[in-house]
Amino acid sequence: MSQVENVIEVKGVYKDFQLPHEKTSSVKGIFTTLLQSNALRHKETQHALKDINFHVKKGEFFGIVGRNGSGKSTLLKILAGIYQANKGGIKVSGKLVPFIELGVGFNPELTGRENVYLNGALLGFSRQEVDAMYQDIVDFAEIEKFMDQKLKNYSSGMQVRLAFSIATRAKADILLIDEVLAVGDADFQRKCFDYFQKLKGNGTTVVFVTHDMNAVREYCDRAILIEKNEIVAAGNSDEVATKYTRMFIEDASTEKKTKRKLKAMG
Amino acid sequence: MGRLKQRYAYAIILLKQLVRTDFRLRYQGSFLGYLWSLLRPLLLFFILYVVFAKFLRVGDRIPNYPVYLLLGIVLWNYFVEVTSGSISSIVGRGDLLRKINFPKYVIVLAGSVSALINLSINFLVIIVFMLITGVDISRYVVFAPLILLELFVFSLSLAFFLSALFVRFRDINYIWEVMLQGAFYATPILYPLTLIPHKAAMILMLNPVAQMIQDLRYMLVTPQTQTINQIFGTQWIRLFPVALTLLFAYFSSSYFRKHSKYFAEEV
C-alpha cells in the first residue's frame with residue numbers, strides 16, 4: 001500500500017484575489033486610475049488560500065471539509081485548472097473531470113436530449129460516445145418521456161437527475177465533486193451513494209467537498225479541514241469529521257456566552 | 001497526425017457542439033427560422049439597391065451593380081457578425097468558465113465558424129444572382145479561396161482581441177459599434193472607388209476588408225472595378241494587407257493566450 005503513486009500533489013499553494021473597491025472595467029476607469037497615485041488606489045488583497053500542502057493517492061477517496069468561505073471551492077477550482085495559483089505547484093496525473101456544479105452548460109432553451117449532448121461535449125464526449133450511452137443515461141435519470149421537451153419545462157429535481165446521470169457516465173481517473181448531494185430526494189441520494197460505492201470499487205480517485213460529515217466518515221479514506229484559508233487538520237477522515245463538528249459546537253457555545261454577557265450588561 | 005488529433009480532440013468535440021447549439025438557438029421560436037439567414041441580407045440588399053442604384057444612381061457605371069452590391073454587403077456582414085458577435089462571447093459564457101476548464105479559444109472560434117456557415121448560405125444566393133445576370137467571371141477566380149481565407153483570419157484575429165479586451169474593459173462593444181458604423185462608409189461597399197479622389201481611395205484601400213471586397217468583386221462580378229494594386233499601380237502593395245493580417249493574427253492570439261488563463265477570475 002505504501003508504494004501507491006500520488007495522482008495529485010499540491011505544494012505550498014497560495015491564492016490571493018485582488019479586489020479593487022471600484023472595479024476598472026471601463027475605459028474612463030483606466031484613465032482615472034492612471035491619474036491617481038498608487039497610494040490612492042484602493043485595492044484589497046484577499047487571501048483565499050495560504051500555504052496549502054497535501055497529496056492524494058491513486059484510488060483514494062479524499063475529503064475536503066470546512067465552513068462556507070473557508071476556501072474549499074477555490075482550492076477545488078485550482079485543482080480543476082479553472083483558477084491559477086499565485087504561488088506553489090500542483091501536479092495532477094491522469095484525466096481529471098470536475099463537478100463544480102452538475103449540468104454545466106445546460107441551456108433552458110434546448111431540449112433534454114440536446115442538453116445531454118452539450119453537457120457531454122463539455123465533459124469531453126464526442127457525439128458517437130454520447131450516442132452509445134444515451135439510453136443508459138435516460139434510463140438512469142428515469143425521465144424518458146421528457147427528453148424532447150425543453151429543459152426550462154423540467155422541474156429542478158428532473159434537471160438534477162439528468163445532470164447527475166450524465167456525470168456518472170464520465171470516464172475519468174480523477175473526479176472532483178463539489179457538494180452535489182445537497183439536492184434531490186432520499187431516493188436520489190441513495191443513488192448517489194450507490195454511485196460512490198461503485199467509484200470506490202473501481203479505483204477511481206475522488207476529491208470530495210462536502211458538509212455532510214456522515215458521508216465523510218463513510219466514504220473518505222482521508223480528509224483535510226480548511227479553516228480561515230489554511231489547512232488546520234489532515235489525516236484520518238473520522239478525526240477530521242469530529243474536529244469539524246466540534247468547531248461548530250465551540251462556536252455555538254461562545255456565541256451563547258457573549259449573548260448572555262450582553263444580556264447581563266444590558 | 002494521431003498525436004495532434006488527440007491533443008485537439010476535446011477542442012474539436014466542443015467546437016462542433018457549440019456550433020450546433022448556436023444554430024439550434026439562433027432562430028428558435030421564429031416563424032421562418034433558418035430562412036432568415038437568406039432573407040436578412042436580401043432585404044437589406046433590396047433597401048440599399050433602391051436607395052443607391054435607383055435614386056442616387058451611384059452604380060450606373062458599374063456592370064452588374066446589383067450583384068456587385070450584394071457581394072459587398074454579404075462580405076461586410078460576415079465581418080460584422082464575427083467581430084461584434086464575438087465581443088461579448090467570453091463574458092457571456094462566464095458561467096461556464098467558472099465551472100469547468102476548457103480551451104477558451106473554442107468559444108470565439110465557434111462564433112466564427114457559425115458565421116462562416118452563414119456566409120456559405122449567402123453565397124448560394126449570390127451564385128443564383130450571378131447565373132441570372134450573367135456576370136463576367138475573371139480567370140483570377142482561382143485565388144478567391146485565398147481571399148476568403150484572408151477574410152476568415154483577419155476577422156477571427158480581431159474577434160480574439162476584442163473578446164479578450166472586453167473581459168476587462170466593458171466599453172469596447174460601444175466603441176466597436178461606432179467604429180463599424182464609420183468603417184461601413186469608409187469601405188467602398190455602396191459606391192465605386194472612381195467616385196472619390198484618388199488620394200482618398202489610396203487610404204481607403206489600405207483597409208484589408210476593402211481590399212478583399214474589391215478583389216472578390218473583380219474576380220466574381222466584373223473586371224471594371226478597382227483593386228488595391230490598380231489604385232497603387234504596383235503589385236507589391238498586396239503584401240501590405242497580408243502582412244497586416246498576419247501581424248494582427250500573431251498579436252491577438254498571443255494577447256488572447258496570455259489573458260485566457262485568468263478569464264474565469266475576471267469575468
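**Fold, sheet and shared core of a predicted complex**

Chain A contains eight helices and nine strands, where helices (H or I, at least four residues) and strands (E, at least two) are DSSP runs numbered from the N terminus. The complex is a predicted model, in which local features need pLDDT of at least 70 and side-chain atom pairs count only at pLDDT 80 or more, while totals for chains, interfaces and linings use all residues. Residues are numbered from 1 along each chain as its sequence is written, with chains lettered from A and ligands numbered from 1 in the order in which they are written.

Confidence comes next. The predictor gives the complex an ipTM of 0.86 and a pTM of 0.88. For chain B, the mean pLDDT (the predictor's confidence in each residue, from 0 to 100) is 92, and 100% of the residues reach 70 or more. Among the elements of chain B, the highest mean pLDDT, 97, belongs to helix 7 (residues 144-168), and the lowest, 86, to helix 2 (residues 35-55).

Chain A is assigned two domains, domain 1 (6-95 + 173-265) and domain 2 (104-171); these bounds come from an automatic or database domain assignment. The C-alpha centres of the two domains lie 28 Å apart. Of the 266 residues in chain A, 35% are buried, meaning that 20 or more other C-beta atoms, placed from the backbone, lie within 10 Å of the residue's own. Contacts are counted when two C-beta atoms, placed from the backbone, lie within 7 Å. Of the contacts in chain A with a separation of 6 or more, 74% join residues 24 or more positions apart.

An open sheet of six strands in chain A follows the order 5-6-7-3-8-9, with mixed pairing; strands pair if DSSP finds at least two bridges between them. Strand 5 (96-99) and strand 9 (230-236) of chain A are the edge strands, each pairing on one side only. At one edge, strand 5 runs parallel to strand 6 (residues 174-178) of chain A over four bridges, and Leu96(A) stands opposite Ile174(A) in strand 6.

The largest nonpolar core (buried Ala, Val, Leu, Ile, Met, Phe, Trp, Tyr and Cys residues joined through C-beta atoms within 7 Å) has 132 residues, and Ala223(A), Leu71(B) and Leu75(B) have the most contacts inside it. Helix 3 (residues 65-87) of chain B gives the most to this core, with 14 residues. Both domain 1 and domain 2 of chain A also give residues to the core, so it lies between them. Beyond its neighbours within four places in sequence, Leu71(B) is in contact with Ile126(B), Leu216(B), Arg217(B), Leu220(B) and Val221(B).

Technical notes. A residue is buried if 20 or more other C-beta atoms lie within 10 Å of its own, exposed if 12 or fewer, and partly exposed in between; C-beta atoms are placed from the backbone.
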